[in-house]
Amino acid sequence: MFESLLVANRGEIARRIIRTTRKLGIRAIAVHSEADAGLPFVTEADEAVCVGPANPALSYRNVEAILAAARDTGAQAIHPGYGFLSENADFARTVEAGGLIWVGPGADAITAMGDKINARNLMAAAGVPVAPGTTEPAADLAAAVSAAAEIGYPVMVKAAAGGGGMGMGVATDEAGLRTEYDKVRSFAERMFGDGSVLIERYFPRVRHVEVQILGLADGRVVALGERECSVQRRNQKLVEESPSPAVSPELRERILAAAVRAGEAVSYRNAGTVECLLDPTTGEFFFLEMNTRLQVEHPVTEYVYGVDLVEEQLRVAAGLAPTFDPDALAPRGHAIELRINAEDPKRFLPGPGAISTWNEPAGEGVRVDSGYVAGNTVTPFYDSLMAKLIVSGAIRDEAVARARAAVAQFEIAGPKNNLPFFAELLENPEFLSGDYDTGIVSRMR
């Protein structure tokens with residue numbers, strides 16, 4: 001195992017990674033923007049380097065500044081967390097070319113799965129189910145109209161280079177397609193520097209289920225169960241749970257096997273997630289995309305499978321065997337994660353501000369991965385995620401009950417927060433039944 005690690009991220013995920021480095025005796029080096037100088041991840045690291053101003057393009061996405069920080073501090077490896085540079089293949093290549101260890105999948109795998117159209121085609125060739133859709137970018141509006149007519153409305157208009165629920169729109173007819181195509185293309189060019197657009201079948205009632213995979217140092221790819229991610233606002237996740245209430249043992253076997261095939265198709269190493277859409281009526285599932293990084297929601301898998309995924313990432317990067325037996329993976333109990341965001345609980349609009357009160361819940365089966373403490377300020381420069389509240393129980397009902405109690409105990413004053421939304425959700429009959437889909441939040445509002 002290497003002796004020092006630079007964490008090229010911020011907030012709760014930087015703090016989470018540092019927790020594992022401390023357990024393993026690895027020296028942790030944090031990089032931070034000027035705006036984040038007072039956050040816990042900076043003070044908890046063994047060493048910290050300011051890499052630029054608040055603007056993430058000049059700090060957390062500043063490749064030269066981050067590599068200089070690694071050189072100056074003698075870091076042996078870099079962990080990118082999620083977001084920012086985590087799925088930047090050029091950055092991964094540059095890190096390795098500089099003689100550093102990249103804690104993540106190979107650059108070729110990142111490139112292969114970073115383009116949604118290329119990824120769809122690769123998955124289809126590997127025998128992974130994909131939804132009806134285009135096999136190449138819709139070059140112009142006429143091509144998009146033609147493709148939609150062949151696929152059948154409604155359709156999803158998606159940025160080929162997008163991710164995280166961004167760059168997507170739904171069209172129920174040609175008029176809507178014309179509007180969404182221009183909107184998505186413009187957004188994709190502005191946000192991703194790539195205006196390529198794909199057209200896919202849209203499923204009005206669908207569940208979002210993903211599989212955690214881990215490519216081991218010996219070349220094997222294993223699956224550590226599935227996560228249900230259907231509680232979303234604007235195509236972005238708010239709640240995740242594992243196992244999924246919608247997945248039977250037979251379906252679990254099929255979807256995990258497909259996820260392993262997906263990883264094997266690109267010789268995947270390290271942690272990744274294969275995201276799928278599940279038709280709850282037919283039990284059919286379709287490949288959506290692959291996230292070539294650690295996911296925000298990885299803690300629910302850690303609870304259910306009894307592994308430290310960050311530690312496993314570090315072991316793979318160092319060429320070491322996993323701490324668990326890959327042939328004896330089995331889920332135990334149930335876990336739920338709630339994303340505590342600085343946002344209005346009704347309209348989900350960002351609500352940054354200074355934190356005057358921050359009291360985290362505690363107790364059996366309760367974990368909080370937070371990026372802030374009282375006295376910190378949630379600034380408008382970054383994602384609104386403040387913390388993740390993770391609960392576990394022997395069965396789903398016990399996990400839900402613990403989540404309900406933990407939400408009631410969590411005290412945050414200052415910035416707006418979505419704790420009231422979670423209090424409402426955890427009493428919602430549809431959620432409690434486990435028979436919900438991606439439209440649950442819109443039906444609550």
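These legends go with a set of close-up views of a predicted model.

**View 1. The largest nonpolar core, with Ile340 in the picture.** This core takes in 74 residues, and Val231, Ile340 and Leu389 have the most contacts inside it. Strand 19 (residues 385–393) supplies the largest share of the core, at 6 residues. Look around Ile340 and, once neighbours within four places in sequence are set aside, you find contacts with Ser384, Leu385, Met386, Ala387 and Leu389. Phe410, Ile412, Asn418, Leu419 and Phe422 are also on the contact list of Ile340. There is a second, separate core too, made of 27 residues, with Ala112, Val247, Ile255 and Met290 among them. As a bit of background, nonpolar side chains tend to be buried together in soluble globular proteins.

**View 2. Strand 17, and its pairing with strand 19.** Strand 17 covers residues 366–370, and 5 of its 5 residues are buried, so the strand is largely enclosed by the rest of the structure. Side chains in a regular strand alternate between the two faces of the sheet. Here Val366, Val368 and Ser370 point one way, while Arg367 and Asp369 point the other way, and all are buried. The partner to look at is strand 19, which pairs with strand 17 in the antiparallel sense over 5 bridges. One spot to pick out is Arg367, whose bridge partner in strand 19 is Ile390.

**View 3. Helix 4 and its buried face.** Helix 4 runs over residues 89–97, and Ala89, Phe91, Ala92 and Val95 are buried in it. Seen down the helix axis, the buried residues fall within an arc of 160°, so they line one face of helix 4. What do the buried residues of helix 4 pack against? They pack against helix 3 (63–73), strand 4 (77–79), strand 5 (101–102) and helix 5 (107–114). Over on the other side of helix 4, Asp90 and Ala97 are exposed.

**View 4. The two ends of helix 4.** At the N-terminal end, Asn88 acts as the cap: one of its side-chain oxygens lies 3.0 Å from the backbone nitrogen of Asp90. After the helix comes Gly99, with a positive phi near 85°.

**View 5. An open sheet of 3 strands, in the order 7-6-8.** The pairing in this sheet is antiparallel. Strand 7 (168–171) and strand 8 (197–201) are the edge strands, each pairing on one side only. On average, neighbouring strands here are turned by 25° against each other, direction ignored. Strand 6 (residues 155–159) is joined to strand 7 by 4 bridges. For a landmark, take Val155 and its bridge partner in strand 7, Ala171.

**View 6. Helix 6 and helix 7 with strand 6 and strand 8.** Helix 6 (residues 116–125) packs on the sheet and touches both strand 6 and strand 8. The direction of helix 6 makes about 50° with that of strand 8. Helix 7 (residues 141–151) lies across strand 6 and strand 8, and runs at about 15° to strand 8.

**View 7. Glu311, a residue of helix 11.** Helix 11 spans residues 309–317. Is Glu311 buried or exposed? Its relative accessibility is 12%, so Glu311 counts as buried, the cut-off being under 20%. Leaving out residues up to four places away in sequence, Glu311 touches Thr20, Lys23, Leu24 and Thr323.

Conventions. Residues are numbered from 1 along each chain as its sequence is written. This is a predicted model: local features need pLDDT of at least 70, side-chain atom pairs count only at pLDDT 80 or more; totals for chains, interfaces and linings use all residues. Side-chain values use heavy atoms; hydrogens and water are left out. A nonpolar core is a set of buried Ala, Val, Leu, Ile, Met, Phe, Trp, Tyr and Cys residues joined through side-chain atoms within 4.5 Å. Buried means under 20% relative accessible area, exposed over 50%, partly exposed in between (1.4 Å probe, protein chains only). Contact means heavy atoms within 4.5 Å. The arc is that of the directions from the helix axis to the C-beta atoms. A polar contact is a pair of N or O atoms within 3.5 Å; within protein, one must be able to donate a hydrogen and the other to accept it, and residues adjacent in sequence count only if both atoms are side-chain atoms. Two strands pair if DSSP finds at least two bridges between them. Axes are lines fitted to C-alpha atoms, for helices over the stretch in contact, and angles run from 0 to 180 degrees between N-to-C directions.
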